[in-house]
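Hi there,

Here is the structure I promised to pass on. Have a look at it first, and then read my notes below.

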Amino acid sequence: MLGEIFRFLLEIVFTLFGAALIARAWMHAIRLHPFNPLSRAIYQATNWLVMPLRKIIPAGNKIDWTSLVCVWLAALVYIVLIWLVSIGALIPAEMLPKAMGSALLMAIKWALNLVVWLTLIQAVLSWVNPMAPMMPLLQSLTAPMLDPIRRILPRTSIDFSPLVLLVLAQVLLMVLNNLSQRMMGL
C-alpha cells in the first residue's frame, strides 16, 4: 500500500511539474506576455531547471527547446522513480533506450492532459462567467488547437470544437498509454 501511495504522489508532482514546463514552452510559442501572473508563476516554478540548461540548449524563435528538453528529462526521472518503486531496483542498462522513448511518450501525455484541462476550464468558464479575467489567457492558449477544428465543423449556435478536441485528446491518450505500456513491458 505504501508503494501505491508513493506512486500516486510521484504522479501528481511530476504531472504538475511537466505541465508547467509544457505551459512554459507553449507560452513561448504563442508569445504570451511574461508579466502575466500565470506566466510569472510558471517561470518561477521552472526556472531552477530551465535556466541552467538554457546555457547549453538555447530557446529558439518559435520553440523553447530548453523547456521541451526539461519536460523530457522530468519524464525520464519520473519513469526511473516509478520503476524503482514498482520493481524495487533501478532500470537495467538495456532498458534505458526504452525508458528514454517512454519518457517522450510521457511528455506527450502530459501535454495532452494539459490540453484537456485547459479546454475543460475554458468551456466551463464560458458557460459560467464568459467575462472572467482568465478567459483571454485560456483563449490564447487553446486557440491554436480549436481554430482548425472550428474551420472544419459546420457553424451552429453551439461551439462543438472543445468537445471534438477533448475526444481527440482522450483517444490519443489511450493510444499513448497502450504504446508506453508495451514499450516498458508493464
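**Salt bridges and the rest**

Let me start with a charged pair: the side chains of D159 and R150 meet in a salt bridge, at 2.9 Å from N to O. Keep in mind that this is a predicted model. D159 has 39% relative accessibility, so it counts as partly exposed. R150 has another partner as well, since R150 also forms a salt bridge with D147, where the closest N and O atoms are 3.2 Å apart. Those two sit three residues apart in helix 5, which means that about one helical turn separates R150 from D147. R150 is partly exposed, with a relative accessible area of 28%, and D147 is partly exposed too, at 31%. Because salt bridges here share partners, D147, R150 and D159 are joined into one network.

How many salt bridges does the count come to? It comes to three. One of them pairs D64 with R54, and the closest N and O atoms there are 2.6 Å apart. D64 lies in the loop between helix 2 and helix 3 while R54 is in helix 2, so this pair ties together parts that are ten residues apart in sequence. Is D64 buried or exposed? D64 is buried, because its relative accessibility is 3%. R54, at 25% relative accessibility, counts as partly exposed.

**An arginine without a partner**

Now go to R24, which you'll find in helix 1. R24 is buried and yet has no salt bridge. Which side chain of opposite charge is nearest to R24? That is D64, 4.1 Å away. A salt bridge needs a side-chain nitrogen of Lys or Arg within 4 Å of a carboxyl oxygen of Asp or Glu, so a pair at 4.1 Å does not count. Leaving out residues up to four places away in sequence, R24 touches I42, Y43, T46, N47, V50, M51, R54, D64 and S67. Two names on that list are familiar: D64 and R54 are the residues that form a salt bridge with each other.

**Helices 1 and 2**

Helix 1 has the span you would expect: at 1.5 Å a residue, its 29 residues should cover 42 Å, and the end C-alpha atoms are indeed 42 Å apart, so the two agree. After helix 1 comes R31, whose phi is positive, near 60 degrees. That is a positive value in a residue other than glycine. R31 belongs to the loop between helix 1 and helix 2, and its 49% relative accessibility means that it counts as partly exposed.

Helix 2 is another story. Its 18 residues would span 26 Å if the helix were straight, but helix 2 spans only 22 Å between its end C-alpha atoms. Where is the kink in helix 2 centred? It is centred on N47, with an angle of about 70 degrees. N47 is also one of the residues that R24 touches. The buried residues of helix 2 include S39, I42, Y43, T46, L49, V50 and L53. What do the buried residues of helix 2 pack against? They pack against helix 1 and helix 3.

**The nonpolar cores**

The largest nonpolar core has 43 residues, and L21, Y78, I79, W110 and L114 have the most contacts inside it. Helix 1 (2-30), helix 2 (37-54), helix 3 (65-87), helix 4 (96-128) and helix 5 (135-152) each supply at least two residues of this core. Apart from it there is another core, of seven residues, among them L105, L112, A169 and L176.

**One more residue: L118**

Last on my tour is L118, in helix 4. L118 counts as buried because its relative accessibility is 13%. If you set aside its neighbours within four places in sequence, L118 is in contact with W26, L138, L141 and T142. In sequence, L118 and A20 are 98 residues apart, while in space they are 12 Å apart, C-alpha to C-alpha.

Over to you, and happy browsing!

Conventions: Residues are numbered from 1 along each chain as its sequence is written. This is a predicted model: local features need pLDDT of at least 70, side-chain atom pairs count only at pLDDT 80 or more; totals for chains, interfaces and linings use all residues. Side-chain values use heavy atoms; hydrogens and water are left out. A nonpolar core is a set of buried Ala, Val, Leu, Ile, Met, Phe, Trp, Tyr and Cys residues joined through side-chain atoms within 4.5 Å. Buried means under 20% relative accessible area, exposed over 50%, partly exposed in between (1.4 Å probe, protein chains only). Helices (H or I, at least four residues) and strands (E, at least two) are DSSP runs, numbered from the N terminus. Lys and Arg count as positive and Asp and Glu as negative; His and the chain ends are not counted. Contact means heavy atoms within 4.5 Å. The expected span of a helix is 1.5 Å times one less than its number of residues. The bend at a residue is the angle between axes fitted to the seven residues ending there and the seven starting there.
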